[in-house]
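Hi,

Here is the structure I said I would pass on. Have a look at it first, and then read my notes below.

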Amino acid sequence: MSAPDRLPGWQALRDRQAELANVSILELFERDPQRVQRLTLRFDDLYADFSKHRIDDAAWRALHALADASSLRDRIDRMFAGERINVTEQRAVLHTALRNRSDRPVVCDDRDVMPAVRGELARMRQLTDAVRTGMWRGHTGKPIRSVVNLGIGGSDLGPHMVCEALRPYWPDDLTVHHVSNVDGAHLDATLQRIDAESTLFLIASKTFTTLETLTNARSARQWLTQRLGDDAAVARHFVAISTNAEAVAQFGIDPNNMLRFWDWVGGRYSLWSTIGLSVACAIGMDRFEEMLSGAHEIDEHFRSAPWSDNLPVTMALLGIWYANFWGAASHAVLPYDQRLQRLPAYLQQVDMESNGKGVDWSGRPITSYATGPIVWGEPGTNGQHAFFQLLHQGTRLIPADFIAVLEPDHGLAGHHDLLLANCLAQSEALARGKTLEQARAELIAQGLPPDRVEALAPHRVFAGSRPTTTLLLDRLTPRSLGRLIALYEHKVFVQGVIWQINSFDQWGVELGKQLAGNLTEELRSGARPDRHDPSTGALVEYLRSRRAAQPAP
């Protein structure tokens with residue numbers, strides 16, 4: 001296949017961008033009184049407004065032509081069919097099978113994977129029911145009151161985000177914690193808040209060799225056995241989620257307390273698997289399966305809806321439009337719901353680890369077009385008092401997603417209307433802007449003298465026409481959250497197809513891991529750091545000299 005910038009639609013999009021460069025979003029509304037209705041999509045209680053974008057029908061037609069020329073429909077079918085579309089690792093990509101709620105088989109390597117998926121879900125239910133009902137007893141006979149998930153990357157970001165988002169569904173007598181950082185301060189702070197006799201640790205590691213996770217697991221094991229005085233306690237206080245049964249047994253975990261998943265589950269897409277065990281402990285297995293159902297509904301929509309009505313495809317094509325034709329290097333995710341505070345961090349991995357690639361499917365360097373954007377954000381209204389200044393008046397074009405929930409899970413009067421008003425006001429302000437004439441008129445109305453008006457007016461100007469999508473949910477439930485997550489997953493996949501990159505490997509994280517192994521030994525020993533660049537070698541020497549100068553504890 002030709003490179004994307006040589007496919008039909010690409011040059012048409014360049015031409016269309018040039019035509020629209022001097023057309024404001026407000027002008028687009030004036031040209032088309034039905035713009036809001038035509039550019040709003042609904043999926044049950046999910047309402048998506050795409051009207052505040054610098055795009056017209058001609059650009060949409062060119063984007064849809066680009067999707068067709070990229071064989072997007074075929075790629076979607078191949079993913080759901082279990083083909084090995086992760087070409088560098090020769091693996092299928094079947095996180096959608098984990099949430100398949102239909103009776104359809106999902107075949108990988110000539111075998112239907114659904115019986116195994118359903119089997120692990122049944123084991124998750126048995127385990128979480130035992131924890132939540134108090135039937136699971138620790139080494140001293142106490143029921144479990146704290147669950148600590150030890151994982152990193154996809155084994156932490158997704159479960160942590162979902163647990164925080166669905167905190168209103170937690171039982172009163174159980175707390176769930178997530179520890180990821182190898183920095184001992186993270187684990188230490190958690191250990192200080194829990195009781196060894198009533199704590200269950202979940203070690204989430206596909207290979208059971210992940211350095212950060214296993215370091216935390218060994219420290220947690222030592223902490224537990226010291227307090228309970230018996231190595232046998234490990235069997236009642238640790239559960240593994242892994243593919244490496246031998247390593248799990250060596251750690252001291254009862255093989256019956258190991259949940260499995262498969263190599264066709266990528267880490268950042270593993271939330272839907274047994275990696276979501278901490279979520280199931282927090283909200284219960286019925287609600288976990290409601291989340292799977294919500295994601296499955298988006299899967300079905302993604303597979304079948306035409307491009308013009310397809311939510312993930314629409315979001316993806318808008319991202320292509322801004323990244324490749326408007327020069328946007330980043331994308332802001334702005335949830336106006338405190339419960340979604342971890343969503344931007346979760347989407348950073350889903351997007352940037354997937355599409356932060358510089359070679360195409362064939363291994364050819366990509367030099368003529370941009371790939372994945374920088375994804376970032378914070379909850380509103382906090383972000384308004386931090387970085388919105390740059391969104392409104394900075395020199396960079398930054399498309400943004402505003403996400404809001406119509407019904408709160410609290411009863412504090414007045415708060416939610418204020419929150420929603422801010423969400424709508426910010427997207428309106430980004431689209432509308434303020435002209436120099438408007439700024440002057442405001443200052444004159446305040447009674448300022450002419451010289452002050454002319455001095456201050458340029459600082460009150462907002463360019464406007466800053467593109468935004470607004471996503472509204474009726475309520476933040478397991479089902480609606482499942483839909484939202486799947487929406488972004490498929491958006492990322494579509495963009496990877498158009499950019500002709502493998503969205504399902506992550507070789508970029510490997511080199512740093514390899515070097516860290518060498519450096520760990522050098523920091524602990526007296527070996528000369530002569531295998532590094534001069535800067536790194538000097539830093540090793542400095543750290544060792546400072547340690548040597550410190551008094552012994």
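Let me start with a question: over how many bridges do strand 5 and strand 7 pair, and in the parallel or the antiparallel sense? Strand 5 (residues 146–150) and strand 7 (residues 199–204) are joined by five bridges in the parallel sense. To find your way in, look at S146, whose bridge partner in strand 7 is T199. Keep in mind throughout that this is a predicted model.

That pair belongs to an open sheet of five strands, ordered 6-5-7-8-9, with parallel pairing. Its edges are strand 6 (175–179) and strand 9 (258–259), each of which pairs on one side only.

Now for the other sheet. It is open too, with six strands in the order 1-2-13-12-10-11, and here the pairing is mixed. Strand 1 (40–43) and strand 11 (374–376) are at the edges with a single partner strand each, so one side of each has no neighbour in the sheet. On average, neighbouring strands of this sheet are turned by 15 degrees against each other, direction ignored.

You can see the mixed pairing by walking through the strands:

- Strand 1 and strand 2 are antiparallel, with four bridges, and A48 in strand 2 is the bridge partner of L41. The two strands make a hairpin with two residues between them, and D44 in the turn has a positive phi of about 55 degrees.
- Strand 2 also pairs with strand 13, again in the antiparallel sense over four bridges; D49 has T470 of strand 13 as its bridge partner.
- Strand 12 (residues 400–405) and strand 13 (residues 468–473) run parallel and are joined by six bridges. V405 has its bridge partner in strand 13, namely L473.

Two helices to look at here: helix 16 (residues 343–355) packs on the sheet and touches strand 10 (330–336), strand 11 and strand 12. Its direction makes about 165 degrees with that of strand 11. Helix 18 (residues 415–432) packs on the sheet as well, touching strand 10, strand 12 and strand 13, and its direction makes about 160 degrees with that of strand 12.

Next, the salt bridges. The count comes to 33. One of them links R483 and D45, with the closest N and O atoms 2.9 Å apart. R483 sits in helix 21 (residues 478–499) and D45 in the loop between strand 1 and strand 2 (46–49), so the pair ties together parts that are 438 residues apart in sequence.

Finally, the pockets. The largest holds about 1,200 Å³ of space. It is lined by 46 residues, and the closest to its centre are I152, T210, V509, E510 and K513. Which helix gives the most to this lining? Helix 22 does, with eight residues. Helix 10 (211–228), helix 16 and helix 22 (510–524) each supply at least two residues of the lining. By class, the lining of the largest pocket has 15 nonpolar, 19 polar and 12 charged residues.

The second largest pocket has a volume of about 370 Å³. Of its 16 lining residues, Q338, H410, H415, H416 and L419 are the closest to the centre. Its lining divides into four nonpolar, eight polar and four charged residues.

Cheers

Terms used
Residues are numbered from 1 along each chain as its sequence is written. This is a predicted model: local features need pLDDT of at least 70, side-chain atom pairs count only at pLDDT 80 or more; totals for chains, interfaces and linings use all residues. Side-chain values use heavy atoms; hydrogens and water are left out. Two strands pair if DSSP finds at least two bridges between them. Axes are lines fitted to C-alpha atoms, for helices over the stretch in contact, and angles run from 0 to 180 degrees between N-to-C directions. Contact means heavy atoms within 4.5 Å. On a 1 Å grid over the protein atoms alone, a cavity is a set of points where a 1.4 Å probe fits but cannot get out, and a pocket is an open set with protein on both sides within 12 Å along at least five of seven lines; lining residues have an atom within 4 Å of a point. Grid points are joined across faces, edges and corners, and a volume is the space filled by probe spheres set on the points. Ala, Val, Leu, Ile, Met, Phe, Trp, Tyr, Cys and Pro count as nonpolar, Asp, Glu, Lys and Arg as charged, and the others, Gly among them, as polar. A salt bridge is a side-chain nitrogen of Lys or Arg within 4 Å of a carboxyl oxygen of Asp or Glu.
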